[in-house]
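Work through the exercises below with the model open. Each task is followed by a worked solution.

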Amino acid sequence: MLGKLARQNDPNVLVGFDHADDAGVYQIAPDQALVQTVDFFTPVVDDPYTFGQIAATNALSDIYAMGGKPLTSLALVCFPEKADLEILERILAGGLSKMIEAGCTVIGGHSIRDDETKFGYSVTGLIHPKKVLTNAGAKSGDALICTKALGTGVISTAIKKGKAEPAWIDASVQSMTTLNKKAAEVIQQGKFRVHSMTDVTGFGLIGHAREMALASNVGIRFSSKDVPILPGALDCIRAGYIPGGLTNNRDFAECNVSYEAPISQELKALLFDPQTAGGLLIAAAGDDCDRLLLDMQKAGISALHIGSVTESQKPLIRIY
């Protein structure tokens, strides 16, 4: 809808909403720019503290995806009038724990009464104007690296149905409460030629890859056997625990995909699974891939090389 409205011609806007990027970037000095994002959603797990942690991790992710460092945040709260305020306190405490881990100061927020609980943050970060990483900039020959496994959407749906196994929940929660901070710090060292980056969230792997391909005017190839998968994710799809977002993502983006090898129906579906607090999708120079993966692994990040960037092609994304 924003795209239909009048454009504001502000030369300080380095990244707006033109290419559906992860956050906006606004230059405030020759060597400094603000990175700004906002994200909130309904509970994806039963425990209030854990939900707060996940919401904070998810909101912070967009700052890391641009190559920025989180600075301050504002809490956004929707909470039922007659609900137990101790629940809200636990949600806020969980969120604060992750903000502290990120070195991001919570300086306020806003709350309203609502029949359904919703929680998240507006986050502001800092970045050098010449070091912004957008979903544009990927180059043919780049390696595509993913830092987290897929499946949080279908597992969250199974949780809501009361059908998720404890091991599935534990692995999913571990993923959703792991900040992308360490991965971003590896990239921010400047040792590697990283050309483009985004985080894999609500539009799923294919949706965010599509945005990268369109913004960069390139094609993308994924290796189906290398896509990381959370324990239980394929079982959830097999059992029919499909979130509405997955179906919407697939209806919208599958026209951009060609399957070049035999791939199970479950895996095809998983590629469109909307992720909460997902990992980073990184396009880095092919020659730097192995060293970048090694540094990621040394930092405790289970990053994997899952594909490559090609010249522009039709369809945009090929999976083999």
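**Exercise 1.** Classify Asn217 as buried or exposed, then describe its backbone.

Solution. Step 1: buried means under 20% relative accessible area, exposed over 50%, and partly exposed in between, with a 1.4 Å probe and protein chains only. Step 2: the relative accessible area of Asn217 is 57%, so Asn217 is exposed. Step 3: Asn217 has a positive phi of about 55 degrees although it is not a glycine. Most residues other than glycine have a negative phi. Step 4: the residue sits in the loop between α6 (204-216) and β9 (218-222); helices (H or I, at least four residues) and strands (E, at least two) are DSSP runs numbered from the N terminus.

The model is predicted: local features need pLDDT of at least 70, side-chain atom pairs count only at pLDDT 80 or more, and totals for chains, interfaces and linings use all residues. Residues are numbered from 1 along each chain as its sequence is written, and side-chain values use heavy atoms, with hydrogens and water left out.

**Exercise 2.** Do the same for Ala277: is it buried or exposed?

Solution. Step 1: Ala277 has 1% relative accessibility and therefore counts as buried. Step 2: its phi is positive, near 50 degrees, in a residue other than glycine. Step 3: Ala277 belongs to the loop between α9 (265-270) and β11 (280-284).

**Exercise 3.** Which geometry do the rings of Phe119 and Tyr121 have?

Solution. Step 1: rings of Phe, Tyr and Trp (its six-membered ring) pair if their centres lie within 6.5 Å; planes under 30 degrees apart count as stacked, over 60 as edge-to-face and the rest as tilted. Step 2: the structure holds three aromatic pairs. In the pair of Phe119 and Tyr121, the centres are 5.1 Å apart and the planes at 70 degrees, so the pair is edge-to-face. Step 3: both Phe119 and Tyr121 are buried. Step 4: ring pairs link these two with Phe41 and Phe51 into a cluster.

**Exercise 4.** How many disulfides does the whole structure hold?

Solution. Step 1: a disulfide is a pair of cysteine sulfur atoms within 2.5 Å. Step 2: the search of the whole structure returns zero. For Cys78, the nearest cysteine sulfur is that of Cys104, 20 Å away. Step 3: Cys78 is buried at a relative accessible area of 12%, whereas Cys255 is exposed at 61%.

**Exercise 5.** Locate the cis peptide bond that involves Pro315.

Solution. Step 1: the cis bond joins Lys314 and Pro315, with omega about -5 degrees. Step 2: Pro315 is in the loop between β12 (304-311) and β13 (317-319).
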